[in-house]
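I opened this model to look up a few buried residues, the cores and the ring pairs. My entries follow in the order I made them.

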Amino acid sequence: MPMLVSDKKRLGIYIHIPFCLSKCAYCDFNSGPAPDAACITRYVNALIAHMERYRAGAKMYEPNTVFIGGGTPTSIPMEELVRLVKAVKHNFRLTKNVEFSMEANPATVEYEGLRRLNRLGVNRISFGLQSAHDNELAALGRKHTRKDFARSFKMARSAGFENINVDLMFGIPYQSMQSLLHTLRYVARLGPEHISLYDLKIEPGTKFYQNYDEIKLLLPDEDTEADMYLQAIEYLREMGYFQYEISNFARPGRMCMHNLKYWNCEEYLGFGVSAHSYFNGSRF
């Protein structure tokens, strides 16, 4: 029998969760701790209502990527996350092979929650490790340790996740060429399908910006930072991760399809504070 090919257009769905355990010293995103549980419930209600308003307008589309980012999506109660994932599936006709991603902080996940999300269709998880050195993590204001990350990564594999990304940073306080290489080796040995590596930018309004005179003494100089980046590209290539974006490296066939929508000027709908869209020829 001939294969049936859908005539519906593809679409990306992005959902922004602005809540975190705490504000990291370098973060200038629209994010922070929730004032109370009721605020989170009201926010999820608003997201679902917003999606419902686009249900009819998107009926000629089949979303093939969904990305729930933040903030820290996994910092909100699991029942709220489950409600949100179900609402996405209810309001949009996702493709059978949809890439469904969710960002997570290693300090905010448990096995049962990960297993539940995976069974609901979330098939790609992105852990914000940033560094494998606890002193560097503390300087960034991260709430997790390397041990927390190792536990979370193992749990995600056991829960059924076969597509995992790990976020890393370079040019951060106390970091050296050697400590970055150690972080890269540590992560590569775990074998995630995707690695993102971001250069620290000190933005106005952040704690690092406010305390820059102290922080700058702990940062690598610009030449060292450049060498870190080149070293990372070479090492990750040797380990089987090819660079397909400025900050993104993947094993063959494991590129983040949602992020590529932005690069390729494909359509996507964004829901939540600070989210934006490109839909029906308009950007908003």
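I looked up L184 and found a relative accessibility of 0%, so L184 counts as buried (under 20% relative accessible area is buried, over 50% exposed, and in between partly exposed, with a 1.4 Å probe and protein chains only). The model is a predicted one, where local features need pLDDT of at least 70, side-chain atom pairs count only at pLDDT 80 or more, and totals for chains, interfaces and linings use all residues. Residues are numbered from 1 along each chain as its sequence is written, and side-chain values use heavy atoms, with hydrogens and water left out.

L184 belongs to helix α6, residues 177–190 (helices are DSSP runs of H or I with at least four residues, strands are runs of E with at least two, and both are numbered from the N terminus). Setting aside residues up to four places away in sequence, I listed L168, A232, Y235 and L236 as what L184 touches (contact means heavy atoms within 4.5 Å). I also took one long distance: from L184 to W263, 79 residues along the chain, the C-alpha atoms are 26 Å apart.

**V85**

Next I turned to V85 in helix α2, which covers residues 78–91. Is V85 buried or exposed? V85 has 0% relative accessibility and therefore counts as buried. Beyond its neighbours within four places in sequence, V85 contacts I68, F100, M102, L117, L120 and V122. From V85 to D199 I noted 31 Å between C-alpha atoms and 114 residues in sequence.

**Cores**

I looked up the largest nonpolar core and noted 65 residues (such a core is a set of buried Ala, Val, Leu, Ile, Met, Phe, Trp, Tyr and Cys residues joined through side-chain atoms within 4.5 Å). I15, I17, M51 and I68 have the most contacts inside this core. Helix α1 gives the most to this core, with seven residues. A second, separate core has 11 residues, including C24, Y26, L200 and L219. I68 touches, among others more than four places away in sequence, I15, I17, L84 and V85.

**Rings**

How many aromatic pairs does the structure hold? I noted 12 aromatic pairs (ring centres of Phe, Tyr and Trp, the last by its six-membered ring, lie within 6.5 Å; planes under 30 degrees apart are stacked, over 60 edge-to-face, the rest tilted). F19 and Y43 have ring centres 5.4 Å apart and planes at 80°, so this pair is edge-to-face. F19 is in the loop between β1 (9–17) and α1 (37–54) and Y43 is in helix α1, so the pair ties together parts 24 residues apart in sequence. Both rings belong to buried residues: F19 has a relative accessible area of 8%, and Y43 has 13%. Ring pairs also link Y54, Y61, F92, F271 and F279 into a cluster.

I then looked for charges over rings. R146 lies over the face of Y186, 4.1 Å from the ring centre (NZ of Lys or CZ of Arg must be within 6 Å of the ring centre and within 35 degrees of the ring normal). The charged end of R283 sits over the ring of Y278, also with 4.1 Å to the centre.

**Whole chain**

I ended with the protein chain, which has 10 helices and 11 strands. Buried residues make up 51% of its 284 residues. Along its principal axes the C-alpha trace spans about 60 × 50 × 40 Å.
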